[in-house]
Number of protein chains: 4
Amino acid sequence: METNPVNFASDNSAGVAPQILQSIAAASAGAAAAYGADDWSQRACQRVAEIFETELAAYLVATGTAANALALSALARPWEAIFCHEESHVHDDECGAPEFFAGGAKLVGIPGYAGKITPEALKETLARFPRGLVKSCQPAALTLSQVTEAGTIYGLDEIRALAEIAHEAGLSVHMDGARFANALVALGCTPAEMTWKAGIDALSFGATKNGALACEAVVFFDKRKAEAFPYLRKRGGHTLSKGRLLGAQMTAYLQDGLWLDLAAQANTAARRLFDGLVAMPGVRVAWPCEANEVFLITESQRLERWRAAGAKFHDWPTRAIAPEAAPQLGETLFRLVTSFETTDAEIDALLALARAHR
Amino acid sequence: METNPVNFASDNSAGVAPQILQSIAAASAGAAAAYGADDWSQRACQRVAEIFETELAAYLVATGTAANALALSALARPWEAIFCHEESHVHDDECGAPEFFAGGAKLVGIPGYAGKITPEALKETLARFPRGLVKSCQPAALTLSQVTEAGTIYGLDEIRALAEIAHEAGLSVHMDGARFANALVALGCTPAEMTWKAGIDALSFGATKNGALACEAVVFFDKRKAEAFPYLRKRGGHTLSKGRLLGAQMTAYLQDGLWLDLAAQANTAARRLFDGLVAMPGVRVAWPCEANEVFLITESQRLERWRAAGAKFHDWPTRAIAPEAAPQLGETLFRLVTSFETTDAEIDALLALARAHR
Amino acid sequence: METNPVNFASDNSAGVAPQILQSIAAASAGAAAAYGADDWSQRACQRVAEIFETELAAYLVATGTAANALALSALARPWEAIFCHEESHVHDDECGAPEFFAGGAKLVGIPGYAGKITPEALKETLARFPRGLVKSCQPAALTLSQVTEAGTIYGLDEIRALAEIAHEAGLSVHMDGARFANALVALGCTPAEMTWKAGIDALSFGATKNGALACEAVVFFDKRKAEAFPYLRKRGGHTLSKGRLLGAQMTAYLQDGLWLDLAAQANTAARRLFDGLVAMPGVRVAWPCEANEVFLITESQRLERWRAAGAKFHDWPTRAIAPEAAPQLGETLFRLVTSFETTDAEIDALLALARAHR
Amino acid sequence: METNPVNFASDNSAGVAPQILQSIAAASAGAAAAYGADDWSQRACQRVAEIFETELAAYLVATGTAANALALSALARPWEAIFCHEESHVHDDECGAPEFFAGGAKLVGIPGYAGKITPEALKETLARFPRGLVKSCQPAALTLSQVTEAGTIYGLDEIRALAEIAHEAGLSVHMDGARFANALVALGCTPAEMTWKAGIDALSFGATKNGALACEAVVFFDKRKAEAFPYLRKRGGHTLSKGRLLGAQMTAYLQDGLWLDLAAQANTAARRLFDGLVAMPGVRVAWPCEANEVFLITESQRLERWRAAGAKFHDWPTRAIAPEAAPQLGETLFRLVTSFETTDAEIDALLALARAHR
């Protein structure tokens, strides 16, 4: 079995929270209605609505790529444009899934430091896609990543400002919340405040990276936009016959604040790791540590030494950093990710390794 | 929780085999490589190759619709045609998933009694799609369901005959094996004999209906046809980040013949149910019971009485039956499905119910 | 240059009416607004509205396949179903264009003698696609060919009956009018009567087969359904930069009843050809001659003699004929098509040839 | 009719060369084989091969968008990436046609001054799309515009350098030659030198902007890459039934060097216009005038005066210009286009207007 005390490559490689695993086991016994009509799935979707304090339409799927691509395909038609950060997961890391599900819709990347789209950049980009100009893909949706790909977090004011611009231009606003809980805990606000109250129309509500096994919810705060979703999900092959697998996970995830506890643990671990590393000579901050990811810059040769000593993490080539802050020749920007499972011992091991191979 | 001793609606509503559930639990602890690079998934794919006694390329996914649609999209290009039985699952029950994944390729339904395509019908249909005729979608793939939608099974000779015609016409041959194990146990042959030795090029190897939670393998016996599959699966949102969920299921499923035992139990239960029902006056056979499904015909009003008494099963409208055998006015063709979990007590309950409400 | 006095293969091989050619020449001189904003195109679309005596949205394209596929893509979403005769042009002769433009929507062929869908067959087929059943492509559109692929014509009552069933089931109704004028002249009704007054929502209004060079109009009688059409046409590559090519053709086509005169000539020629051939021993009627196509049955060897003598026409394999009327062993069903250019001399030549090689 | 002596908005609004119009008329008389099997189309494709001095596969279509989108769909599969200049026509002006035809493939825009991609920028961009990285769309094709969207021309060395990088990375190279003749005349090289000898694999060979009515050829120098093209064109609705419309245009276009003469006229007119305008105070060069387009910068208010006086041209917002050369506050970058029809009188009229409203 793979276990590595110095593995900070991704929260995708973490295990599963025991409560969630127990819920899967409980749900798996005996007969249940198929295709999401089971009690577990129904309860899970009701629970999502309670958490977000509003009427909504929620659908469970097994992967984040499916959640994002399906959500965007419900918001944009094939001849339309979807606006995202130029280094966002939907644009760079899903092998064209959004274009596939949205029938060839165009993803338009917007540059921005620290993984964030600014209001100015959004306006400038929208100006290049005039509504009614037939030769131009028509603007349909904006998608924001919260946590961003740079591990940073949009403030509520920032979300509101972007959503307002988008809505004025006739766009729907989607949030890629693969690390939703980590952002929520960091901001200390309610799920409603970070979403529909700030102008979010649809959400990929992730659980997999935060202790589930394979579960995300696609949430529509405007239920009319979900009208076609059951068909989209089915023809995407994402309607599980034993849908309780998903319902059981989400039910346990939202039970007694488990999801918030897990995210808080991951965030705390990241902060501890960040503080330890930036205290070392020759290591500097790329982007602030706001959730469960740590982005730093140091000499490339130092990173090679760390890797040789057993540390696992990713180099992170990026254009989302100001030239004066960017890695210089011989330097590398790198990422470490913590999870709900990360222990102090693992962090200490990494820090010790780093000190030993400075 | 839904439990019903007289529920024979679908093998999709059955639970999960304990061995498979334990495997999921074991795999979920602690860190593992993401996206199918974990040990469980690697082992599972090796095990599939051993079972089929050949080199092959195997990919795990969570749903049967994904397995079928992805497999077919690897075999047919967007301007090509895929031939299937006119009442097959890919054609009728996947909301257009194959067309979606294959970029608009055309599914061509072929009629045939008892869910089977005959060599004559295949030849006649292929004659309508001349190779090189530009206005005509070009023939690319044949897909056979084993078990068929009528609960029947192609004999090895039948598979070979169809595959030979298909190959001569330049088509690849896919098998939808959502109930692969049930067919295999019924035929008493080896996995290799029922697939690549009979001319099958790609297989949807189902486990979900036979005791897994959410797991199917897409198997390519011609590895060159799998070249693009990792990209197809990824952009379909079907590459699980914690891929061990799938690897753990398939590993346990294939361990110590579990998969064959589960299928044998389901088939035995179906046979017992079938024998009990056809012994009743007014009930006649629609199609022979060859695997884990029972298709019968009786008075529609009788079925209403059974339902009122608590029995759950599906009416089964079909054109795949000879006019002289088809339901007459006032009659209905109906389906009952057993699973690995079906108990003698459940069968007895259904039979008692049927007798009480004859 | 290809000229053949005994060529009855297709109205696609006919030339261009002089008035239309002159109009193209007139429109081609000097500058004009691009992309259909020119005067010729604007006038043409107004003229279409006048001809149909209603407000409508009309768009010009260069091919019939484009007209059909674009129209259907405006009426059906990717997870929906489009119903058509099983031997219709959209299903058999466009290499999957409707599936392509409609993002993978499913074409469902309905059998029917003489190229026609009957109300009963439509109802039976619709019953297999229940609205709201997620696993089933959702019914979206019915498309009727007028003239049919069998050269027959739907009566106004027949159109009304089918449209009524379709509308009740929530479908839009499209007419493939590649030979619209031939049908109109045969029925002796108005364009409005044969379309929107009978329940047609969208029309492919053909001119190419009837004397134009490359021009069809896509007409929406319900303008709301045309909302996205300019984008669909553009991204399909079907918005001509020098759009006056299309506008000039349609303007001339509709000027002073030219289109009706051309169609009347073609129909009259077909009738003369039909009468001459059926008078011959050994030649019998496959389908009645109602427009500009002749479908007959005779000994296959006789047709070989005709071909050897220089006659050009197509064999016509079909399932749209009752078993008792169908070609027997040694017989072939064949098609001859006349056009506005067909002369009495050409017909006489064919008849003489047929008599000489009986 | 629209005529305006001071209209320099686009070469799309120009008329048609008389020789081409006569050829259409000649081809339109009488019967001919359909769907491009006619003599005119066959001759045209042979003529293209002669002009390019090599064996090739050529296909005629009616629009530039169709040519580009179809060509790219033959070079890239749905999960692959197509690299282009970020302001190229395929990316900005075709409403997503390449994404549509290529089944959702991703267009990746590369920035570059004066409409050109540099070798460095290409390498940097390719580095972001590692071959074999499953989450990343796989690199498949590079498309270059010759003339570029900035009216500039790639030198042969530049084409060769880019093609070499692309080929080493396993990409095919496409050239969008909507203004191919204008570039060729400017470079003074042979068609072969500007294409396959420099590494171009496929070409959109434009005629419409240079005196044809609606005609482009898609040319594959590697015939194996054209294998599926007839099907792609057909299901795109781009196979004209009276294909001679296209064959007649291309035949006349390539006859006796007409195409080169037309382009030379347009280029000469642009140079005269450019020289006249840059001689005026307050007008400066945006990009050099290398073909038939003029890109200048001046005070925005001056342009308003010109427009008020009757001049027609386009503002040209762009990022493809160095900050120090870019329009300052109160300035606008604008474009004027000449065509084969542009007369000295029209140029004099524009210059007089500009002087009168300086």
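## A hairpin in chain C

In this predicted model, strands S8 and S9 of chain C make a hairpin, with five residues sitting between the two strands. S8(C) covers residues 284-287 and S9(C) covers residues 293-299. The pair runs antiparallel, and three bridges hold the strands side by side on paper. If you want a spot to start looking, try Val285(C): the residue opposite, over in S9(C), is Leu296(C).

## Two helices side by side

Staying in chain C, have a look at helix H6 (residues 119-127) and helix H7 (residues 156-168). Their axes come within 10 Å and cross at roughly 15 degrees. Angles under 35 degrees count as roughly parallel, so that is the label H6(C) and H7(C) get. As for handedness, the crossing of H6(C) and H7(C) is right-handed.

Which residues make the contact? From H6(C) they are Pro119(C), Leu122(C) and Lys123(C), and from H7(C) they are Ala161(C), Leu162(C) and Ile165(C). Sorted by class, the contact of H6(C) with H7(C) has five nonpolar residues, one charged residue and no polar ones.

## Where chains B and C touch

Now for the contact between chains. Chain B puts in 15 residues, and chain C puts in 15 residues too. On the chain B side that touches chain C, you'll find seven nonpolar, five charged and three polar residues.

## Two domains in chain A

Over in chain A, the chain splits into domain 1, spanning 18-253, and domain 2, spanning 258-356. Taken over C-alpha atoms, the centres of these two domains of chain A are 27 Å apart. The domains do touch: domain 1 of chain A gives 23 residues to the contact, and domain 2 of chain A gives 22.

What supplies the domain 1 side of that contact in chain A? Helix H8 (180-187) and helix H11 (244-253) of chain A each bring at least two residues to the side that touches domain 2. H8(A) has the largest share of that side, with five residues. By class, the side of domain 1 of chain A facing this contact with domain 2 breaks down into 13 nonpolar, eight polar and two charged residues.

Methods: Residues numbered from 1 in each chain as written. Chains lettered and ligands numbered in written order. Predicted model: local features only at pLDDT ≥ 70, side-chain atom pairs only at ≥ 80, totals over all residues. Axes fitted to C-alpha atoms, helices over the stretch in contact; angles between N-to-C directions. Helix = DSSP H or I, 4+ residues; strand = E, 2+ residues; numbered from the N terminus. Parallel < 35°, antiparallel > 145°, perpendicular 65-115°, else oblique. Left-handed = near helix turned anticlockwise from the far one by under 90°. Contact = placed C-beta atoms within 7 Å. Nonpolar A, V, L, I, M, F, W, Y, C, P; charged D, E, K, R; others polar. Pairing = 2+ DSSP bridges. Domains from an automatic or database assignment.
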